[in-house]
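Visitor: I have a protein model open at the bench and would like to be taken through its domains, their shared interface and the ligand site. Could you show it to me and then take my questions?

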Amino acid sequence: MDFTLSPEHEALRRLVREFAENEVRPVAKAIDREHRVPMENLKKAAKLGLLGVPFPQEYGGMGAGETGYCILMEELGRVCTSTATCIGAHIGIGAMSIYLDGTEEQKRKYLVPLAQGEKIAAFALTEPGAGSDAAAIRTRAVREGDSYILDGMKHFITNGGFADIVTVLAVTNPALGARGGITAFIVETHWEGFKVAGAANKMGIRGTDTAELVFEDLRVPEENVLGRVGEGFVTFMKALDLGRLTLGAACLGGAQAALEASIAWAKARTAFGRSLAHMQTVQWMIADMAT
Ligand SMILES: Cc1cc2nc3c(=O)[nH]c(=O)nc-3n(C[C@H](O)[C@H](O)[C@H](O)COP(=O)(O)OP(=O)(O)OC[C@H]3O[C@@H](n4cnc5c(N)ncnc54)[C@H](O)[C@@H]3O)c2cc1C
């Protein structure tokens with residue numbers, strides 16, 4: 001199998017690396033220390049088209065597909081895990097769920113501004129009682145006329161505190177559970193009944209917002225059902241498949257950064273009259289990291 005990247009993907013890597021080195025690296029430590037989302041960098045990323053890398057151009061994206069998206073995440077992960085997580089949640093699960101199962105109308109209305117970075121997305125699945133066991137969610141959506149009324153809460157939602165659009169998973173038929181009883185919705189965060197109740201104080205990736213959301217009598221029009229009624233669990237799992245793939249790419253970028261830092265330190269540090277890089281045990285460790 002040929003893993004050579006196309007000239008377009010190589011150009012994307014250069015673009016992202018330049019952005020990461022010039023804009024992201026200078027603030028990476030500070031945003032982590034200050035627990036601050038780098039909004040200014042999200043705007044710059046949007047201008048470069050980076051908030052829509054995988055999506056087709058007809059939906060406002062760059063058209064670089066999953067490979068391009070992995071390149072984006074790898075390069076961001078090499079410099080700042082927070083920025084990678086923030087952009088990853090926007091593209092890879094928030095906007096992606098709309099791309100995967102949204103109607104043409106929903107894509108035009110929501111995906112286009114998300115891909116162009118005019119709006120920011122979040123993806124709300126996890127609840128205090130439902131993490132790995134995602135099918136145990138309790139947020140309810142009850143049909144009333146031509147709308148659904150959502151009640152419940154979500155936590156650990158990346159970008160949740162400032163997103164414009166959130167895809168939300170809720171139970172529409174408790175008897176059926178994940179097999180036909182869970183539905184996905186597209187929610188605009190300015191709607192009445194949508195509340196941001198707080199944010200997690202984390203040990204790491206502190207330059208991201210990990211919010212707690214509360215829905216109280218939140219009315220969602222039926223045209224904002226994402227995918228088919230009762231099939232939201234599948235929509236969300238499909239989006240997570242892609243999200244996980246690119247988290248792997250971001251971790252690869254982090255590993256690359258660790259290798260680069262180790263080589264630099266091994267060359268710079270001297271002990272017993274020579275640099276660490278001349279000691280075979282250190283060479284082995286670095287070789288292990290590289291292979
Ligand atoms: C920084 C951050 C950002 C996040 N962003 C989002 C987001 O944007 N949207 C969203 O919906 N969610 C988000 N999450 C939530 C994330 O998806 C959940 O944390 C994850 O699903 C795990 O759930 P939990 O934390 O409740 O852990 P639990 O499910 O309680 O798991 C606790 C531990 O038990 C282990 N475990 C659980 N089940 C099994 C099993 N069957 N076998 C063996 N071990 C098991 C787990 O691996 C884990 O180590 C985020 C979380 C974090 C930390």
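Visitor: What distance separates the centres of domain 1 and domain 2?

Guide: This is a predicted model, in which local features need pLDDT of at least 70, side-chain atom pairs count only at pLDDT 80 or more, and totals for chains, interfaces and linings use all residues. Residues are numbered from 1 along each chain as its sequence is written, and side-chain values use heavy atoms, with hydrogens and water left out. The domain bounds come from an automatic or database domain assignment, which gives domain 1 (7-119), domain 2 (121-237) and domain 3 (257-290). Taken over C-alpha atoms, the centres of domain 1 and domain 2 are separated by 22 Å.

Visitor: What area is buried between domain 1 and domain 2?

Guide: Contact, meaning heavy atoms within 4.5 Å, joins 28 residues of domain 1 to 27 residues of domain 2. Buried area is the accessible area (1.4 Å probe) that two parts lose on being put together, summed over both. Carbon and sulfur atoms give 63% of the area buried between these two domains, which is about 2,200 Å².

Visitor: Which residues form the salt bridge between domain 1 and domain 2?

Guide: A salt bridge here is a side-chain nitrogen of Lys or Arg within 4 Å of a carboxyl oxygen of Asp or Glu, and the count between domain 1 and domain 2 is 1. With an N to O distance of 3.8 Å, the side chains that meet in a salt bridge are those of Glu 188 and Lys 109.

Visitor: Which element gives the most to the side of domain 1 that touches domain 2?

Guide: Helices are DSSP runs (H or I, at least four residues), numbered from the N terminus. The elements that give two or more residues to this side of domain 1 are α1 (7-34), α2 (39-47), α4 (81-101) and α5 (104-115). With 12 residues, the element that gives the most is α4.

Visitor: Which residue has a side-chain N or O atom 2.7 Å from an oxygen atom of the ligand?

Guide: The residues around the ligand, those with a heavy atom within 4 Å of it, include Phe 123, Ser 132 and Thr 158. For polar contacts, pairs of N or O atoms within 3.5 Å, a backbone N or O atom of Phe 123 lies 2.8 Å from a ligand nitrogen atom, and a polar side-chain atom of Thr 158 lies 2.8 Å from a nitrogen atom of the ligand. The side-chain N or O atom that lies 2.7 Å from an oxygen atom of the ligand belongs to Ser 132.

Conventions: Polar contact = N/O pair within 3.5 Å; in protein donor to acceptor, adjacent residues only side chain to side chain.
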